[in-house]
Amino acid sequence: MTKHVISITVAAIALGAATLLPGKTVARPVADVAEGKAVFNASCEQCHSATSKDVKVGPGLLGLFKGGKLPASGKPVTDANVRARILSGGGGMPAFKGSLSDAQVASVIAYLRTL
Ligand code: HEC
């Protein structure tokens, strides 16, 4: 019940923030760590460990945002680079453009930041 009230409040605040920011042409997707974890478990976990750096199919993502470089490409660990990889895939990873929404991608990145 309390949880419900909190999520409704959070949603209301998010909606309020979106309407209070005119002039922005693209609404910033609202990242949600819990949603990101659910997305990760459904779409990433079969290939990536969240609890180690060991390779499953792709590199383990524990501490991803605490390292300076992405494990496969060696690019800097930024939201933009991680988002690009998720959307475009490559090197054995599927592209998620079209199957994950902008909000889901933002949420999975928010979750990766907690690892
Ligand atoms: C079918 C297996 C598979 C799935 C599903 C998958 N990946 Fe990957 N991922 C890989 C492989 C393999 C690589 C290494 C690619 C390479 O060597 O270039 C990789 C690389 C990455 C990297 C490192 C990119 C870099 O530039 O070093 C990140 C971050 C990543 N994946 C995140 C995700 C996220 C988040 C999801 C879920 C939305 C996901 N992956 C789903 C297989 C997968």
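By class, the residues surrounding the ligand comprise 13 nonpolar, eight polar and two charged residues. The structure described here is a predicted model. Of the 23 residues in this shell, the nearest to the ligand are Cys44, Cys47, Gly58, Ser73 and Gly91. Helix H3, which spans residues 79-88, supplies the largest share of the shell, three residues.

The protein chain contains four helices and zero strands, and its pattern along the sequence is α-α-α-α. Of its 115 residues, 16% are buried. Among contacts between residues at least 6 apart in sequence, 47% join residues that are at least 24 apart.

One helix pair was examined in detail. Helix H2 (residues 33-43) packs with helix H4 (residues 102-112) at an angle of about 95 degrees, and the two axes are 7 Å apart. Because angles of 65 to 115 degrees count as roughly perpendicular, H2 is roughly perpendicular to H4. On the H2 side, the contact involves Val33, Glu35, Gly36, Lys37, Val39 and Phe40; on the H4 side, it involves Gln104, Ser107, Val108, Ala110 and Tyr111. Six of the residues in this contact are nonpolar, three are polar and two are charged.

Two residues of this contact illustrate its two sides. Glutamate 35 lies in helix H2. Leaving out residues up to four places away in sequence, glutamate 35 touches Gln104 and Ser107. Glutamate 35 has 17 C-beta neighbours inside 10 Å and therefore counts as partly exposed, since a residue is buried only if 20 or more other C-beta atoms lie within that distance, and exposed if 12 or fewer do. The C-alpha atoms of glutamate 35 and alanine 110 are 9.3 Å apart in space, although the two residues are 75 apart in sequence. On the other side, valine 108 is in contact with Gly36, Val39, Phe40 and Ile86, when its neighbours within four places in sequence are set aside.

Valine 108 also belongs to the largest nonpolar core, which has twelve residues in all. The other members are Val39, Leu61, Leu64, Val82, Ile86, Phe96, Val105, Ala106, Ile109, Tyr111 and Leu112. The elements giving two or more residues to this core are H3 and H4, and H4 gives the most, with six residues. In soluble globular proteins, nonpolar side chains tend to be buried together. Val39, Val108 and Tyr111 are members of this core and are also among the residues through which H2 and H4 meet.

Key
Residues are numbered from 1 along each chain as its sequence is written. This is a predicted model: local features need pLDDT of at least 70, side-chain atom pairs count only at pLDDT 80 or more; totals for chains, interfaces and linings use all residues. A residue is near a molecule or strand if its C-beta atom, placed from the backbone, lies within 6 Å of it. Ala, Val, Leu, Ile, Met, Phe, Trp, Tyr, Cys and Pro count as nonpolar, Asp, Glu, Lys and Arg as charged, and the others, Gly among them, as polar. Axes are lines fitted to C-alpha atoms, for helices over the stretch in contact, and angles run from 0 to 180 degrees between N-to-C directions. Angles under 35 degrees count as roughly parallel, over 145 as roughly antiparallel, 65 to 115 as roughly perpendicular and the rest as oblique. Two residues are in contact if their C-beta atoms, placed from the backbone, lie within 7 Å. A nonpolar core is a set of buried Ala, Val, Leu, Ile, Met, Phe, Trp, Tyr and Cys residues joined through C-beta atoms within 7 Å.
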